[in-house]
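Open the structure in your viewer and keep the sequence beside it. This tour goes from one selection to the next, and at each stop it says what is to be found there.

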Amino acid sequence: MTDERHEEPPRGEDDHLAATRRAVLAAALPQVAFDGWSDRTLALAVEDAGVDPGLSRLAFPRGGLELAADLADADLQGLRFRDRVAHAVMRRLEIAAGEREAVRRAAAYFALPHHAADGARAIWHTADTIWTALGDDSRDFAWYSKRATLSAVYSSALLYWLGDEAPGATATREFVARRIDDVMRIEGLKARLRENPVAALMMKGPQAVLDRVRAPGAGRRDAMPGSWRRPH
């Protein structure tokens with residue numbers, strides 16, 4: 001008697017890796033809006049997807065950086081810098097668009113007082129990922145001020161996006177553009193103050209303190225507040 005069962009043909013290594021990537025990326029979506037494109041997100045997604053850790057290392061040889069590859073590969077050279085930042089913020093939200101309800105639950109989770117620190121750390125990591133992908137090479141206090149400002153923009157945009165029912169999230173895009181315009185106006189005001197002799201004299205002491213602040217070293221991006229340079 002003939003066995004009429006049809007066995008699935010064995011898949012090659014490339015097929016296994018492609019299936020692994022799809023499973024892990026699907027599991028990462030609920031986390032990525034808060035934890036960012038990070039090794040922690042990748043590790044959680046691998047666990048949630050039930051994927052073999054060894055296979056996941058083959059599928060994502062660069063770790064969490066693989067999850068940020070599309071931003072790094074985007075052609076943003078023709079855009080103003082503020083538009084590059086806006087594109088990066090919206091791209092982060094677009095990745096999680098299919099998991100909006102999961103993101104909503106995560107927002108409520110991180111709003112709880114005992115989870116607030118983790119939520120702030122995740123938002124900060126998102127801001128750091130965006131600035132790093134856009135080529136920021138600051139190593140002084142500006143490293144912190146840029147990420148703090150973008151953290152505020154991104155967190156407000158995320159909450160706005162959760163209630164945005166417009167096709168293509170056009171209302172959120174406009175909201176992000178307005179918030180970035182607000183930031184640019186503040187930066188313009190700061191530049192004018194630096195050019196004012198009286199204001200510059202008043203800021204001389206505080207600026208001397210800020211000039212000693214340094215960004216975290218390699219491998220310590222979550223370290224706060226970085227390092228302090230001793231005056232010579």
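Helices, of at least four residues, and strands, of at least two, are DSSP runs that are numbered from the N terminus. With those names in hand, a place such as that of R212 can be given as the loop between α11 (204–210) and β1 (213–214). What you are looking at is a predicted model.

**The whole chain**

Begin with the protein chain as a cartoon, in which the secondary structure comes to eleven helices and two strands, and follow the sequence through the pattern α-α-α-α-α-α-α-α-α-α-α-β-β. If you then colour by burial, buried residues make up 35% of the 232 residues in the chain. A surface view shows what the chain exposes, about 14,400 Å², of which carbon and sulfur atoms supply 57%. Among contacts between residues at least 6 apart in sequence, 63% join residues at least 24 apart.

**The largest nonpolar core**

Next select V89, L150, W161 and V176, which are the residues with the most contacts inside the largest nonpolar core, a set of 25 residues. Five helices each supply at least two residues of this core, namely α5 (81–95), α6 (100–111), α7 (116–133), α8 (141–162) and α9 (170–195). Which of them gives the most to this core? It is α8, with seven residues.

Stay on V89 and show its surroundings: leaving aside its neighbours within four places in sequence, V89 is in contact with I130, L150, Y154, A157 and V176. Apart from this core lies another, of ten residues, and you can find it by selecting L17, A27, V46 and V51, which are among them.

**Along α7**

Now isolate α7, which has 18 residues and reaches 26 Å from its first C-alpha to its last, close to the 26 Å expected at 1.5 Å a residue. Among the buried residues of this helix are G119, A122, I123 and W124, and the buried stretch also includes H125, T126, A127, D128, T129, I130 and W131. Just after α7, select G135, which takes a positive phi of about 90 degrees.

**Rings and charges**

Show the aromatic side chains next, since the structure holds six aromatic pairs. A pair of aromatic rings is described by the distance of the centres and the angle of the planes. W143 and Y144 form an edge-to-face pair, 4.9 Å centre to centre and with 75 degrees between the planes, and both of these residues are buried. Add W124 to the selection, and you have a cluster in which ring pairs link W124, W143 and Y144.

Turn then to Y160 and F175, whose ring centres are 4.4 Å apart and whose planes stand at 15 degrees, so the pair is stacked. This pair links distant parts of the chain, with Y160 in helix α8 and F175 in helix α9, 15 residues apart. Are these two residues buried or partly exposed? Y160 counts as partly exposed because its relative accessibility is 34%, whereas F175, at 11%, counts as buried.

Keep F175 on screen and add R179, which lies over the face of F175 at 4.8 Å from the ring centre. For another charge over a ring, select K146 and W131, where the charged end of K146 sits over the ring of W131, 5.2 Å from its centre.

**Three stops in the loops**

Go first to A169, in the loop between α8 and α9. Most residues other than glycine have a negative phi, and most peptide bonds are trans. The phi of A169 is near 55 degrees, a positive value in a residue other than glycine. A169 is buried, with a relative accessible area of 11%.

From there, pick A97 in the loop between α5 and α6, a residue that is partly exposed, with a relative accessible area of 38%. Although A97 and A169 are 72 residues apart along the chain, their C-alpha atoms are separated by 9.5 Å.

End at R212, which counts as partly exposed because its relative accessibility is 27%. Select F141 together with R212 and draw the distance between their C-alpha atoms, which is 8.0 Å for two residues that are 71 apart in sequence.

How values were computed
Residues numbered from 1 in each chain as written. Predicted model: local features only at pLDDT ≥ 70, side-chain atom pairs only at ≥ 80, totals over all residues. Heavy atoms only, no water. Core = buried A, V, L, I, M, F, W, Y, C linked by side-chain atoms within 4.5 Å. Buried < 20%, exposed > 50% of the residue type's maximum accessible area, 1.4 Å probe, protein only. Contact = heavy atoms within 4.5 Å. Phe/Tyr/Trp six-rings, centres within 6.5 Å; stacked < 30°, edge-to-face > 60°. Lys NZ or Arg CZ within 6 Å of the ring centre and 35° of its normal. Areas by Shrake-Rupley, 256 points an atom, 1.4 Å probe, with all protein chains shown as cover. Expected span 1.5 Å × (residues − 1).
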